[in-house]
Each structure stands twice: as structure tokens, then as C-alpha cells.
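Let's take a walk through this structure together. Keep the 3D view open and turn it as you read.

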Amino acid sequence: MAILEVNNLVKSYGGKAILDGVSFALEEGEAKVIMGPSGCGKSTLLRCLNLLIEPTSGAILFEGQDVTRPGTDVRALRSRIGFVFQNFALYRHMSVLDNVALSLRKLKKIPRREAEERALHELDRMEMADKKDAYPAALSGGQSQRVAIARALAMDPRVLFFDEPTSALDPIMVREVVTLINRLYLDNVTILCVTHDLSLAKHISDRVVFLDRGKVHAEDNIESLLARDSDPVIDEFFCGDD
Amino acid sequence: MTFADILLTLLQGAGYTLLITVCCYATALVVGLAIAITREMTRAWVSSLLSVFVYVLRGIPMLVLLFIVFFGLPGIGVDVPPLLAMMLSLGLISGAYLSEVFRSSLGAVNPNEVLAAQSMGFTRFETLRLIKLPQMTRFSVPGMVNELTTVLKFSPFAYTVGIPEITKEAMALVATTMRGIEVYIAIGLLYFGIYRLLLVAVRLIEKRYAIPGFAQE
């Protein structure tokens, strides 16, 4: 059974459809990348899936439950979906350790010491344990993204969302983060990743959902998509990339 | 009477000046925070209503509001003690100014951090408590210090409602000694001393809760 199944999802603002009947499924252990031109609705789609944005219509089945129905426990849903943002979004007033432990303490009600031990374990997994007492202002982009990933993983999510995880990074940091996400992929973490980054897509995706103007234009593996020379939308998007 | 004697005599009123400043500033903090948080968490019409309240308070001279509270309210059967009258006038007006300081500081919190907290499952209130308020407080320090000095500088109005603070003591001293220049220079020095004392206290608190690199971002 798919962990996540999206059926005919629509999101409109003032009559203009940003997402126009999007459907796809994400299996357990699968890594799926959502690509497409700027403004095609990729980030909106990701935010709809954990109800940060309320969809206009359609169904989102998370572990078989339609979460768009009234009465959905939004808090429980979000705690099962890890979300890593483009700009890291670390809490600037907290140390690295507190950034990771906060959700465990306040949402899962785990005692401080145990929460910090778990947080430290996740930081260690991301090779950031030595920076546990640092504050976000002292971290590089790549280090910040590692902490953001540790923070998401600490909640033991069923699926990990990435929203343009490499677009705020320089090329060296991009390689670092791509390697890291690739490691998660090889560890069978279920991943849904919005990106423009072809190298990231090549490294982590089983399949790519290609969005164009709010619709699923194609769904295929990255090699097959790259081979579609005759498709003008895809050809234009990948034009210039290797 | 030497200048030191004048200073010592005036110091008797310094306790009242400090009391007025602390009580009025505490009122201002509570009012300012309450307005800023309510505007942040409630519907637009409530926020609009509060913005009118703030606008009106900021436009009323402090002394006028003090007289309304202290001399006006007894006319409708409500007697207000002098210190409470100061809190309801100076405290409220400063609260209105502080609410604007807090509001702009809340606006300075990175929206991505708020989004991250909500995507984790935190409610709006939890996000406010855990993410926004701690940052808001730190962003607000310069504005809060500014308002603290304003409250201190407006505290002499308390003499008009009979509180024996420094200025009232000074006026009594001038009446008996006729040494106006020395007495008023002395209270100027005392106010400056109190200002420095409060500033040092605030800076210590600021240093205690400072976060490396936080303000520079």
C-alpha cells in the first residue's frame, strides 16, 4: 500500500488553479522527486500534503486515511511527516541541540534528558554532534541543512519532505547535502523532494513527477524523462543541463 | 546647606521615583504585550479596534490622562489612589507605545521558522510561545530601553497628584532654601544616576540572554 496517495488534488486562489487535478502515489521506501518550471505549483503541492495549505478539492490519502476530510488530527499528521525547507528555517534563538530536541519535548512529551539523547543521536547521524551547542548563526548552509534534516528525522517520520533542499547552497554545499540525502535514500527512508537540481534528482529519485502549470505533465524515471527530446516542455526545462 | 546635603535630602524622594517608574513600566509591559499578542492572534477586526485604542492613547498628553484619571474619575464616584492613577495614565500610554515596538519585533521573526514550527505540528499558540515571543523579546530590547527612560522622565508628573518623589521634594526644598539652581542641578544628576542604574540592569539582563550572532543576522 502506498504511504501517500494524491487523487485529483486542486488548489485555487481566486478562481486560478495553482494545482489542477494532481494525482500520484508514494510507496514506502520510495524516493520521488517533483520537478517542473518555476510557478508550476511544486511547493504549493508539498504544503498541501501536510495541510499547511488547505486544498480546494481532491483527496490526500496518508496511510490510507483521507486527511482532507474534516476532523483530521492535523498535529498527528504533521508529526508523521518530516519537512525540510529550502532556507533551513532553524530557530535562531535556540542551540542546535534544542532545535532538534524541541519537537520531541513539546510534541511527543519526551522528558528533556531523553529528548536530548535522541536529538544527539540524530545529530550524530548527520555528523553534527560536535556542533550541538552552536547557534544557527554560526553554521554554514550545509551544516544548517544537516541540522534541519536531523530535526525532521528526530520525530521518526513516516515520510520526509524536502522543499528545494539545495537551492540556497553553493556548489560544494550542494554536493554535501546531495550525498547526505542519497544516504537517507539508500537507508530506505521514504522521500518526497521538490527540486530544480538535476544532480539531486539523479541521485535520489526512483521516479520523477514532472509538473507543468499545475498538472502532472509526466511521471517517469529521470533517465527516461531526459531522453524525451521530442517533448518541448521537458526539453526546455532540462535544456542546458547535463 | 552644602550640595551634598541637598543631594541627600532629595534622595528621600528617589525611592518613590523608582517605585513609580517600576510600577508604570510593569503596567506598560503587560499592556503592550497583551495588545501585541491579541493583535497577532485574533481576527482582523479585533486588531483594527486595538490599533484605534493605541492610536488614541498615543495622541493623549500624559498629564491630561493623569488628570482625567485622578481628578475626573472621582466625579463619577471612582476614587483612584495616586500610584494607581500614574499606572493608568503613564503605564497605559507607554503600553501603547510598547505594543508597537512588540508588534514590529513580531514582524521581524523569520516566517520560515514559523512555517517550520507549524509543519512539525505546533499550534499557532505554541509557535507564538516557543518561537515568536523569545525572539520578539530580544528584538525589542532597544525599544524597551527607550520606553523605560521615557517612563522615568515622565515620572515627575507624579508630584501633581501628591506623590513625594524627587521633583516634589526639590520644589519643597527650593521653597525653603531659595537655592533653585543647585537643587534643580542636583535632581538632574539624580535622574541621570537612576537612568544609568536602570540601564546597567537592563544591559546585564540583555547580556545574560544574548545569543551569539543573533542580532547580526
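## A helix tucked inside

Let's begin with helix 3 of chain A. Eight of its eleven residues are buried, so this helix is largely enclosed by the rest of the structure. If you want to pick the buried ones out, look for V96(A), L97(A), N99(A), V100(A), A101(A), L102(A), S103(A) and L104(A).

What covers the buried residues of helix 3 of chain A? Part of the cover comes from chain A, including helix 4 (112–125) and helix 5 (141–154). Chain B joins in too, with helix 5 (111–120) and helix 6 (124–139) of chain B among the covering elements.

## Where the chains meet

Now for the contact between the two chains. On one side there are 20 residues of chain A, and they are in contact with 22 residues of chain B. Helix 2 (74–79) and helix 3 (96–106) of chain A each put at least two residues into the side of chain A that touches chain B. Sort the residues on that side of chain A by type and you get eleven nonpolar, five polar and four charged.

## How far to trust it

Remember that you're looking at a predicted model. Its scores are ipTM 0.88 and pTM 0.85. For chain B, the average pLDDT is 91, and 98% of the residues score at least 70.

Which helix of chain B has the lowest confidence, and which the highest? The low end is helix 9 (residues 180–208) of chain B, with a mean of 88, while the high end is helix 4 (residues 82–107) of chain B, at 96.

## Chain A as a whole

Step back and take in chain A: you'll find nine helices and ten strands. Its radius of gyration is 18 Å, close to the 18 Å that the globule rule gives for 242 residues, so chain A is as compact as a globular protein of that length. Measure along the principal axes, and the C-alpha atoms of chain A fill a box of roughly 55 × 45 × 35 Å.

Of the 242 residues in chain A, 45% are buried. Take the contacts in chain A between residues at least 6 apart in sequence: 63% of them join residues at least 24 apart.

## The six-stranded sheet

Chain A also has an open sheet of six strands, in the order 6-7-8-3-9-10, with mixed pairing. Strand 6 (81–84) and strand 10 (215–220) of chain A stand at the edges with a single partner strand each, so one side of each has no neighbour in the sheet. From one strand to the next, the twist averages 20°. Helix 5 of chain A packs on this sheet, touching strand 6 and strand 7 (159–163) of chain A, and its direction makes about 170° with that of strand 6 of chain A.

You can see both kinds of pairing here. Strand 3 (residues 31–35) and strand 9 of chain A run parallel, paired over four bridges, and M35(A) has F210(A) of strand 9 as its bridge partner. Strand 9 (residues 207–212) and strand 10 of chain A, on the other hand, pair in the antiparallel sense over five bridges. Here D212(A) has K215(A) of strand 10 as its bridge partner. The hairpin of strand 9 and strand 10 of chain A has two residues between the strands, and R213(A) takes a positive phi near 50° there.

## One leucine in chain B

Finally, find L19(B), in helix 1 (residues 3–41) of chain B. L19(B) has 16 C-beta neighbours inside 10 Å, so it counts as partly exposed. Along the sequence, L19(B) and L92(B) are 73 residues apart, and in space they are 16 Å apart, C-alpha to C-alpha.

Technical notes: Residues numbered from 1 in each chain as written. Chains lettered and ligands numbered in written order. Predicted model: local features only at pLDDT ≥ 70, side-chain atom pairs only at ≥ 80, totals over all residues. Rg over C-alpha atoms; globule rule 2.2 N^0.38 Å. Buried ≥ 20, exposed ≤ 12 C-beta atoms within 10 Å, placed from the backbone. Contact = placed C-beta atoms within 7 Å. pLDDT = per-residue confidence, 0-100. Nonpolar A, V, L, I, M, F, W, Y, C, P; charged D, E, K, R; others polar. Pairing = 2+ DSSP bridges. Axes fitted to C-alpha atoms, helices over the stretch in contact; angles between N-to-C directions.
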